[in-house]
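Visitor: I'd like to learn how to read a structure like this one. Can we go through it feature by feature?

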Amino acid sequence: MIQVLKDFFLLETRRSTYCFRVTEQGFLQHLYYGGRLDLSGGWEALVPQVRHFPGNGAGLDGVCLEDMALETSGPGLGDLRESMVTVRSAEGDTLTDFRFESAEVLEKKPALEGLPSAYDEAGKCRTLRVSLLEKRGGLRLEVLYTTFDGCDVITRSARLVNLGEKPVTVLRLMSNQVDFLEQDYVLTTFNGAWAREFEPTQTECGPGTIVSGSRTGCSSNRANPFVMLQDRGADEVYGDCWGFHLLYSGDHFACACGNAYGKLRFLQGIQPEGFSWRLEPGESFTAPEAAMTYGCGLAEMSGNLHAFIREHVVRGWWKRRPRPVLVNSWESFYFRFTQKDLLRLARQGKELGAELFVLDDGWFGKRDNDRRSLGDWDMANRRKLPDGLGGLADRVRALGIGFGLWVEPEMVSEDSRLYRAHPDWILGRPGQAVGRNQYILDLGRTEVQEHLIRVLSGVFEEAKPAYVKWDMNRVMTDTWSVVLPPERQGEVRHRYILGLYRVLGELGKRFPKILFEACASGGNRTDLGMLCYMPQVWLSDNTDALCRCRIQYNASFGYPQSVMGAHVSASPNHQTLRETPLDSRFQTAAFGLLGYELDLCSLPEKERTRVAGQIAFYKKYRGTLQFGKLYRLRGGKDGLWQMMTVSGDYSTALTLLFQQENQPNAPGLRLLARGLASGDVYRLSVRPVGTELAAFGSLVNMVSPVRVRPGSLTEAAAEKLVRLPGEREEMTAFGGLLMKAGVWLKQGFSGTGFDGDTRVMGDFGSRLYILEAVEK
């Protein structure tokens, strides 16, 4: 809901209030953003006293802007904090003095030129557009705020219009600015690298500036565009917490800037370093949309964002449809495969219950390694695929399983037909250093966009894929465009992202039923901009169960599990060489969009049987696992990780318990729940997980009638016949009891006394518990 009361502006969601006012001088003074307030008795008490001309401070029109919380800001007016807007005039100065001009409430949310944005299928959203005019009259700044019915997220964007007669250069236009009246908070950013995405970094705020951002050309694994601000000491259920997203897939910037007067400014938008945009008279520039939410506790904050992403970001055919269980060819074969290999894997996947077979890299041109053929998408490798791409796809579908495809269209190899025909199409200059043996195409150019749309449309029409994995495997380095003059080279990276969005938008219109998955060396493009075009992302190339448990847990602070691709891979794992149980690999991947990325054909028969059981279990509970409300219950303390997902009608819940290292004689383990219906009765059970005889090593000789040597033929023969049953967990209880008191699980193995009531998990072991309502 949005209300305008003369010079006071009120934005309300179900559980939050955001408000600001126009001062006598025409500035927008921020008053409050937090839990829902009842302002029916008046709002004036929210206006703080503002100091006038401190002894060593700068003042403007009798007001010290440095001590005021603002909605917008710029350099040169005595506000010494980081600025939201910086524009260089034709004369070379950067002074901007924006004052309130007008405001209107729009019943329809305006589209953002060239950029994705949140939407509402039913049109139940309202937008407040506030216009500010630069005092010299040459610029207008428009700030747009949108609220959505039934949603606890507010979006915001900004637009600059050149009303003057001379060009100006935009050096900075942030999408969001929130000035907090206190600074006793902690800023959490999510940093990392390839295979180490979403490592949380917590920094205490105070005087000074904390900066997070990307300069890689994409949203990046170095610093995700999602950040959190929270009370010191806040946890899942307690404390003021704010979450901030940017709907953008390029270089981004976020900062928390504290000053000497106890204020804290949060800014988020396009990375200003290396950015500039020349704005001719009559032209406008639009910043990407930002999203923000308030929650009492981290769980509420995350729940708000999850609901927002599912309902107002993800769109199209796959928005609410269950995602298929897939088999991906990459870690089975890498570049070395034949058509027979692929069909054998697809057939085995179908027999075990998979619904989609995905052909990864190596199918086009002369692509036998990562040094050639990127860009030659219209030429299948006939040596590997004698029936061509379309022929292979038809044969896969004839097996009764869907066909999917990997592409990396934004890149080009030097050894490719495309590069030889158009060496000037790359970013940078020919002969520059390459990254991962490839160049980046200049997607800011219309002819490059048209080429990709035409060629990929031909590929998709031939192969008719149900799924496309869209990859991007290097960072931007030499970002120079041959078609732009020197004064416009600061526009290259943003123009690239605009071009990418145009390509994705056009392909999405032509092929609305393809399930696109965003990938960029794993999680380099986990952002809401991509999720506007692709309903899911490949969260990390790291498929190790322990690492994935951490990555998915941390990513869940800002993203729902319904967008996280997660695969079961081989053991030892190809990224860490760690050996983990097959059930742990599955149960971790089940808290995402399940896939298998290993050679199913080479698995022992007993493991193939277990995989078939895993897939059947996942399908049974797929709705809850993919679209249930997610809760975090343990985050690695004592080596334990626990996540839980609850169906929308509260009838079903599943909780994953993952153990990093086994501890001897460990204390009893209590299982707590969250999000259940307090008055419903639930039955607790555990997904059956047996124990291999070999797990006990020579201990088995304490009960075996014959001596069994580890690794011997005797042990191998016994393994084929014997798999020890896992513990049984069966009880019923009210949801309220399960959430407040929890239940004590069966005893863990402590060196002796194994029976059917003993939990044997071992290092990297896990359990998946099921809670099903049996009585309302």
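**Reading a helix and some charged pairs**

Guide: Let's begin with a helix in this predicted model. The buried residues of H3 are covered by elements that include strand E21 (326-328), helix H2 (330-333), E22, H4 and helix H11 (605-620).

Visitor: Which residues of H3 are the buried ones?

Guide: Here's the list: Gln339, Asp341, Leu342, Leu343, Leu345, Ala346, Gln348, Gly349 and Leu352.

Visitor: And how far does H3 reach from its first C-alpha to its last?

Guide: H3 covers residues 339-352, 14 residues in all, and reaches 20 Å, close to the 20 Å expected at 1.5 Å a residue. Right after H3 comes glycine 353, with a positive phi near 115°.

Visitor: Okay, on to charges. What's the idea behind a salt bridge?

Guide: Side chains of opposite charge can pair when their charged atoms come close. Searching the whole structure turns up 56 salt bridges. One of them joins arginine 81 and aspartate 79, with the closest N and O atoms 2.9 Å apart.

Visitor: Are arginine 81 and aspartate 79 buried or exposed?

Guide: Both arginine 81 and aspartate 79 are buried.

Visitor: What about lysine 384, which residue does that one pair with?

Guide: Lysine 384 forms a salt bridge with aspartate 368, and their closest N and O atoms are 3.3 Å apart. Lysine 384 and aspartate 368 both sit in the loop between strand E22 (356-359) and helix H4 (388-398), so their pairing ties together parts that are 16 residues apart in sequence.

Visitor: How accessible are the two partners, lysine 384 and aspartate 368?

Guide: Check the relative accessible area, where under 20% counts as buried. Lysine 384 has 3%, so it is buried, while aspartate 368 has 32% and is partly exposed.

Visitor: Which pair links distant parts of the chain?

Guide: Try arginine 578 and aspartate 544, whose side chains meet in a salt bridge at 3.0 Å, N to O. Arginine 578 is in the loop between strand E29 (564-569) and helix H10 (582-589), and aspartate 544 is in the loop between strand E28 (536-538) and helix H9 (545-555), 34 residues apart.

Visitor: Which of those two is buried, and which is partly exposed?

Guide: Arginine 578 counts as partly exposed because its relative accessibility is 21%. Aspartate 544, at 1%, counts as buried.

Visitor: Which residues do shared partners join into one network?

Guide: Arg14, Arg15, Asp152 and Glu300 are joined that way, by salt bridges that share partners.

Methods: Residues numbered from 1 in each chain as written. Predicted model: local features only at pLDDT ≥ 70, side-chain atom pairs only at ≥ 80, totals over all residues. Heavy atoms only, no water. Salt bridge = Lys/Arg side-chain N within 4 Å of Asp/Glu carboxyl O. Buried < 20%, exposed > 50% of the residue type's maximum accessible area, 1.4 Å probe, protein only. Helix = DSSP H or I, 4+ residues; strand = E, 2+ residues; numbered from the N terminus. Expected span 1.5 Å × (residues − 1). Contact = heavy atoms within 4.5 Å.
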